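Please look over the sequence and the model that follow, and then read on for a guided walk through some of their features.

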Amino acid sequence: MKFNGLSDKEVEQSREQYGSNAIPDSEPTTFWEEFKETFGDPMIKILLAIAALMIVMFFFGYAEIYEPLGTIIAVFIVAFVSAKTGVASDTKYRELKDSTEKDKCKVHRNGVVTVIEVDDVVVGDKVLLQSGDKVPADGILIDGALKVDNSALNGEAEECKKTAADPSVQLADDITGDTFVDKYSLFRGAVIFDGEGILDVRKVGTKTMMGKMAEEMQEEEPDSPLKVKLAKLANQISTFGYIGAAIIAVLYFAYFIVSAGGPSAYFTNGIQDIIMDVVKAVSLAVVIIVCAVPEGLPLMISLVLMQNTSKMLDHNVLVRKAEGIETAGSLNILFSDKTGTITKGSLEVVDFFCADGNSIDIPQLSKHSKVKGLVDLAIGKNTQSMFDASHRVIGGNATDQALMKFIGEETFNALASNTEYVVSAHQGFNSTNKFSQARIDNVGKTFYKGAPERLLAAATKYLDADGNIRDIDKGVLDRKIDELAAKAMRVLAFGYSESALVENKINEDIVIIGLVGIRDDVRPEARDAIKEVQNAGIQVVMITGDRLETAVAIAKDAGLLQSNDDMALSSAQLNEMSDDDVKKIIPKIRVIARALPTDKSRMVRLCQEMNLVVGMTGDGVNDSPALKRADVGFAMGSGTEAAKEAGKIVILDDNFKSIKDAILYGRTIYHNILKFCKFQLVINVAAVVVSAIAPFFGVEEPLKVTHLLFVNLVMDGLGAIMLGNEPALEKYMLEKPRRRDESIVSKAMMAQIVTMGLWLTVMSFVYLKAPFFQEIFDYDEEQHLTGYFVLFIVSALFNGFNVRDDGFGIFKGLDQNTGFLKVFFTIILVQAVIVNAALIPFEAFTWIGNMFSCVPFGIKGWITVIVLAATMIPVDIVRKVIVNRK
């Protein structure tokens, strides 16, 4: 049939009427949007509120400007780092996308066939589709016949036959799973296995099935588990800080009253004195709040996510959204697509066996030269497939292509170039005969390839592994075929006859060369990865569009179905159940078959309602809405753009091991955040208690505002580098998942924070009040308080070793985190410069010394404070011994 196609004018009219075929991309992440988003963080809001309060107090002359300015600078650094990370991740993704050439297609226009970009297709175009082409829009096949791979749409690699319909036939408006596999409908994203035909385009762009799925992905995403936990921590800390500040302010005011000799005596003082005391009490309360809030935590999290986002690229994991990597470590349940994710995504020969039922290892087949030589001829000279110039298999159906990959390109080319192997007669496969045959006169044989039941109906002989002809025991062979069928394998038989080719008939002297089992097989690395993920306490559920029997066979092979309690359900069974009924059995579900995109999204929603952190892997357009809705979507690098757009993480090598690495690094990030929290909160607890109690013991300001600034910003910023790069430990993969709303601060963690915070507090008061230590500093109060500033900081640094490990391996792995010791000694060096600034003959250093209220002191003082600070390590070891005995 001759097709002229649309004219240029008709193309423009169609585009105006029905729209473009381009599916709008998501807007690029902008620096400004990411920057603004930081200020929605609850911890940031608390910091800004404190800074505002201190600025007000500064204008009234009751506070220094350093702390609020430092806090505001820290907030802007956090916003900058967070924005830079977000933009960098998005840019990496877009670079990957832009490096891929845009899809093109062949269309009839202006009376000729022309090649255009897929985005330029319009309604009414007549698209020429051939083997290997991708369908560019939704429509009807109006000429020719095709075999189509719909796996990008419904997740299944099996071929679907399409025949021409009358051009008057309409494309269905309500698309179901059955519409994908009807006789004539074609959908954007599907790939042509074999054949040639003309697509009449009926829907383009966002009106296509793929376009509708892209629109579905615009829904709001749930908060990440880390965001939920941080909000909870911010609430706990602010509550603790505000209540503590109020109590201390009241007690401090009461202290003034008692010191004056009672209420009556106190209130006889002038109103001005009373106001000054109130201001002092409020000032102390603000200092308490400043001490309580971990200003460095947002900065630490931003830095850690940024560091690990770039690190994950080395593991073939492209992190599109930084929080996705931490969320991966929090997973409770992982929904995985089957085709191309757990399996390889294409049919292949996975078993070769003789008619006695004995398998020959495929890599060892070449050692059985007679069998190998004959099976190569039965496939290589009896096929519609071939290798193209790019070394890809093209032509034929999916089974033909699997067999061609089985013999390999080298063998195929050798057979093609050998003039002895010229096919003198051939009959192709058809659904009636269920076999194909080829005659090679020079060899004196007719070769057969087809359904076992057809070849075995005529055969009485077979070749054993050594090439000897034997009598067939069909009972043994039938049992082997049934065994493979139970594993969802398609079995094909090969044979040869010494007689001439007879059309539509298998000669009675046929000898069975061998048989193969073909299926879309489980990736070897997927088995190991699934096992590791399961050992991490994460439930893995395979969700597929394949039939239940095939899904069960693959699930057993992949290690998903292991006990009688494990459940495999079909979409129909699932849809008969209410949401509450499904929630009851979710912990037992391992397989969902014949699944539609709506089933995937429903399962993700139900699990999130159960407070589970949900992951979804996939590569097809059909996976995109669920990838978007899940807490973390793992899109495969070879998958559709829609899937990659929806996922938070792109697995560049499609390897399940990379998913396992993402989970491991996610857990490592969370552990490093916990380590930092312990490191910082010990400082904060001690600073709060010391600052609150010291005035009652006659020490007005043991830690100046600038000291607190150093603690909260310099220590925390560098602490992020110190602990943010702690190595990933395999033992993290043996831990059970955490609840979405689980508090960051556990009971065990709180015990360590309180114990070490109290020890630092006790040590502080012993140092501040014991005459022995005053004597070391020659009773010089300025030197003594400067020494306390050093003691406080160095104690916190030694505690950094304690938080590295919950056991006693606090010095292990320092070679894998070289930044730890660098930061440790850098902070001590910076402190030495601040303390001895007055000795440096430059005005700027004098100003620094005055700003921190520090004066130089002797070597005896340095040794004393460092030895005292080092006691943090043995004290925590004693605590760990006591805890481990319980």
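How far apart should the ends of helix 28 (residues 747–769) be, and what span does the model show? The model is a predicted one. At 1.5 Å a residue, the 23 residues of helix 28 should span 33 Å, and because its end C-alpha atoms lie 32 Å apart, the expected and computed values agree. The buried residues of this helix include Met 749, Ile 753, Met 756, Leu 760, Phe 765 and Leu 768, and among the elements that cover the buried residues of helix 28 are helix 26 (656–693), helix 30 (781–802) and helix 33 (859–870).

From this helix we can turn to the surface, where Ile 243, Ile 247, Leu 251, Ile 693, Phe 696 and Phe 697 form a nonpolar patch with about 520 Å² of accessible area together. Helix 8 (residues 225–259) gives the largest share of the patch, namely 3 residues. Leu 251, which lies in helix 8, counts as partly exposed because its relative accessibility is 44%, a value that falls between the limits of 20% for buried and 50% for exposed.

Charged side chains come next. Side chains of opposite charge can pair when their charged atoms come close, and the structure holds 37 salt bridges. In one of them the side chains of Lys 372 and Asp 376 meet at 2.8 Å, N to O; these two residues are separated by about one helical turn, because they stand 4 residues apart in helix 14 (residues 369–380). Both Lys 372 and Asp 376 are buried. In another salt bridge, Arg 523 pairs with Glu 525, their closest N and O atoms being 3.5 Å apart; here Arg 523 is buried, with a relative accessible area of 12%, whereas Glu 525, with 26%, is partly exposed.

A further salt bridge joins Arg 804 to Glu 726, with 3.0 Å between the closest N and O atoms. Arg 804 lies in the loop between helix 30 and helix 31 (819–835), while Glu 726 lies in the loop between helix 27 (705–724) and helix 28, so the pair ties together parts that are 78 residues apart in sequence. Arg 804 is buried at a relative accessible area of 5%, and Glu 726 counts as buried at 4%. Elsewhere, salt bridges that share partners join Glu 532, Lys 657, Lys 660, Asp 661 and Glu 730 into one network.

Finally, there are the cysteines to consider. A disulfide is a covalent bond between the sulfur atoms of two cysteines, and the count for this structure comes to 0 disulfides. Cys 677 is buried, with a relative accessible area of 2%, and Cys 854 counts as buried at 5% relative accessibility.

Methods:
Residues are numbered from 1 along each chain as its sequence is written. This is a predicted model: local features need pLDDT of at least 70, side-chain atom pairs count only at pLDDT 80 or more; totals for chains, interfaces and linings use all residues. Side-chain values use heavy atoms; hydrogens and water are left out. Patches are made of residues with over 30% relative accessible area and no salt bridge: like charges are joined within 9 Å, nonpolar side chains (Val, Leu, Ile, Met, Phe, Trp, Tyr) within 5 Å. Accessible areas come from the Shrake-Rupley method with a 1.4 Å probe; for residues, only the protein chains shown count as cover. A salt bridge is a side-chain nitrogen of Lys or Arg within 4 Å of a carboxyl oxygen of Asp or Glu. Buried means under 20% relative accessible area, exposed over 50%, partly exposed in between (1.4 Å probe, protein chains only). The expected span of a helix is 1.5 Å times one less than its number of residues. Contact means heavy atoms within 4.5 Å. A disulfide is a pair of cysteine sulfur atoms within 2.5 Å.
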